[in-house]
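Dear colleague,

I am passing on to you the structure that I have been reading through, and I would be glad if you could look at it before going on to my notes. Please keep it open beside this message while you read.

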Amino acid sequence: MVSSFSNVNSGREMLKVSNLVAGYRRDLPIVIDVSMEVYEGEILTLLGPNGAGKSTLIKGICGLVEVISGNVVFQGVEISNLETYEIIERRVAYVPQTQNVFAKLSVSHNLDLGAISNVKAYEERLEKVFMLFPDLWKFKDTSAGKLSGGQRQMLALGRALMADPILLLIDEPSAGLAPILRNQVFQQVVEIRESGVTVIMVEQNARAALSVSDRGIILANGRLRRVQNSKELLEDPEIAEIYFGAGPTVRAS
Amino acid sequence: MIDILSFLIFFFIVCSFYIISSLGLNIQYGFTGMFNVGIAGFFAVGAYTSAILTGPNYADTIFGGFGLPIILGWVCAIIVSGIAGLLVGLITLKLREDFLAISTFGIAISLQLVALNVESVTRGPNGLYALPKPFAHIFDSPFVSNVCYLIICIVVITMIYYALERAVRSPWGRVLRSIREDEVAAEALGKNVFMYRLQAFILGCGIMGLAGAMYANFVRFISPQDFLPIFTIQVYVMLIVGGKGNNLGAIVGAIVIWALWSASDSLINFIVTPDFQTQAAALRIIIVGMVLVLMLVFKPSGILPEKKHVSG
């Protein structure tokens, strides 16, 4: 599983988005006519400039913004007309971007909120989350507001895992984190995938994100521009210039 | 001595109606963040329900005078106010906070106008009178029956307090607080936010209705004048001063503000000449308003702030 690129084509199709138009207002669509597939076991990164519709796309998948037209099929079932809680019950979890923990509640209460019904597996999942994020165990009785930015991100990820998802949607896991923590978070995303969870993440740190993901999707102005193997995207000079900023070679000349 | 004692008993009985309303509001506003400005309306629904079910038969009404036992009147008051909460909640709880406030305020005013105008049931401005009071027919002395009533109030408050404490410490209560903190995040965790809000709203309205019913069977006479918006404002001040999100705070706040309200009443009667007393009554509102402002400036979390770590 560690050699990431091999499993893309072999994986079964888990999610299929067809001609999706979504946004906060019907007359102002943010995501326009996006079609894509997500395969079981992959890490898929959504890239693009600010306002490209990356976050709106994953919010559209989990029902947090209105699907104006098109549809989303998850494991053979259309979910685009379902309420968010019904989608989450189908084992999709969503991690919002920054400010994503309940600051007044303790770490363990935050985790409890992520758990849905299945009491039997609760202890087991909690243990798994604490193993993945040992810091959370250390601070389990602290209120989440007192955690550092990196710890909050871990808490948000851990809380989403409490729902025992098979598809995890993460909105900018590295936002506001120092480079060393950024790599740590991406490493944790890889570990989450290795435990059998398919991941779609929105990222600004294109280079770092692509290096841990299988495929990348590039959005601009709400439309899908490219869908490609991460490795190819990383090596593409055009992409490098537009999305990674000027590379070191360019700066030297 | 007995004068002071009977005054204190009377004071705490009336205070109880505010305490219960404040506890009901706490589950809605304090824990879930729903800005319900229709407290007086749900209080009125409870009061009229119990009055109609337990009251005598009046010559000029077409409905009511069932003379049922008081306890039945109270239980029905909870149910009817809860249903009122359900209906109001279904149409308003998807609204944003400020719109929720405006619509509940409007609904409460409408309910008061209904009470004023549906004379064949409520006798309009003449009100419903001679309502039964518990123990009043057993003890001749109003002092003794008031002592009994105070005991009932204390028992009811204790029961509501412990029930709410259990509720807010349960996983259910935790979801309510998560909704208050961040509705979208709670939704993203797979919680049916609307259902949770609706449940908390119904529970709070039922408790407010019980307070109304207990009020009706204590004062034995209710009219639409008793259910003006000032009641809603008073309960809000009580909860905010006492500490929203803390059930003990809701109780303490109600006692403090009701004491202040009563004391300023006596003070005004004492210093203002009778000619101006009607106008001077507005001073009470100014005094309580000032307390609210000072509290918000210097101790916004209230006398007893919400506990950060409510153990599960």
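Below is what I found, beginning with confidence and then going from the sheet and the domains to the contact of the chains.

Please bear in mind throughout that this is a predicted model. Chain A has an average pLDDT of 86, and 90% of its residues score at least 70. Two stretches of chain A call for care: over residues 1-9 the pLDDT stays under 50, and the model has twelve contacts beyond four places in sequence for them, while residues 246-253 are also below 50 in pLDDT and have three contacts in the model beyond near neighbours in sequence.

You may want to start with the sheet of six strands in chain A, which is open, has mixed pairing and follows the order 6-7-8-3-9-10. Its edges are formed by strand 6 (92-95) and strand 10 (223-229) of chain A, each of which pairs on one side only, and from one strand to the next the twist averages 15 degrees. Within this sheet, strand 7 (residues 167-171) and strand 8 (residues 198-202) of chain A run parallel and are joined by five bridges, with Leu168(A) standing opposite Val199(A) in strand 8. Helix 7 (residues 149-161) of chain A packs on the sheet, where it touches strand 6 and strand 7 of chain A, and its direction makes about 165 degrees with that of strand 6.

Elsewhere in chain A, strand 1 (residues 13-23) and strand 4 (residues 66-74) run antiparallel and are joined by seven bridges; Ser18(A) stands opposite Asn71(A) in strand 4. Strand 4 of chain A also pairs with strand 5 (residues 77-78) of chain A, in the antiparallel sense and over two bridges, and Val73(A) has Glu78(A) in strand 5 as its bridge partner. These two strands, 4 and 5 of chain A, form a hairpin with two residues between them, and Gln75(A) in the turn has a positive phi of about 50 degrees.

As for the domains, the assignment for chain A gives domain 1 (1-91 + 174-253) and domain 2 (92-164). Between them, 16 residues of domain 1 are in contact with 14 residues of domain 2. On the domain 1 side, helix 3 and helix 8 (179-194) of chain A are the elements that give two or more residues, and helix 8 gives the most, with five residues. That side divides into nine nonpolar, three polar and four charged residues.

Turning to the two chains, which parts of chain A each supply at least two residues to the side that touches chain B? The contact as a whole takes 22 residues from chain A and 18 residues from chain B, and the elements in question are helix 3 (84-89) and helix 4 (107-114) of chain A. By class, this side of chain A has twelve nonpolar, six polar and four charged residues.

Helix 4 of chain A packs with helix 7 (residues 171-181) of chain B at an angle of about 95 degrees, their axes being 10 Å apart, and the two helices are therefore roughly perpendicular to each other. His109(A), Asp112(A) and Leu113(A) in helix 4 of chain A meet Pro171(B), Arg174(B), Val175(B) and Ser178(B) in helix 7 of chain B. The residues of this helix contact divide into three nonpolar, two polar and two charged.

With best wishes

Definitions and conventions:
Residues are numbered from 1 along each chain as its sequence is written. Chains are lettered from A and ligands numbered from 1 in the order in which they are written. This is a predicted model: local features need pLDDT of at least 70, side-chain atom pairs count only at pLDDT 80 or more; totals for chains, interfaces and linings use all residues. Two residues are in contact if their C-beta atoms, placed from the backbone, lie within 7 Å. Ala, Val, Leu, Ile, Met, Phe, Trp, Tyr, Cys and Pro count as nonpolar, Asp, Glu, Lys and Arg as charged, and the others, Gly among them, as polar. pLDDT is the predictor's confidence in each residue, from 0 to 100. Axes are lines fitted to C-alpha atoms, for helices over the stretch in contact, and angles run from 0 to 180 degrees between N-to-C directions. Angles under 35 degrees count as roughly parallel, over 145 as roughly antiparallel, 65 to 115 as roughly perpendicular and the rest as oblique. Two strands pair if DSSP finds at least two bridges between them. Domain bounds come from an automatic or database domain assignment.
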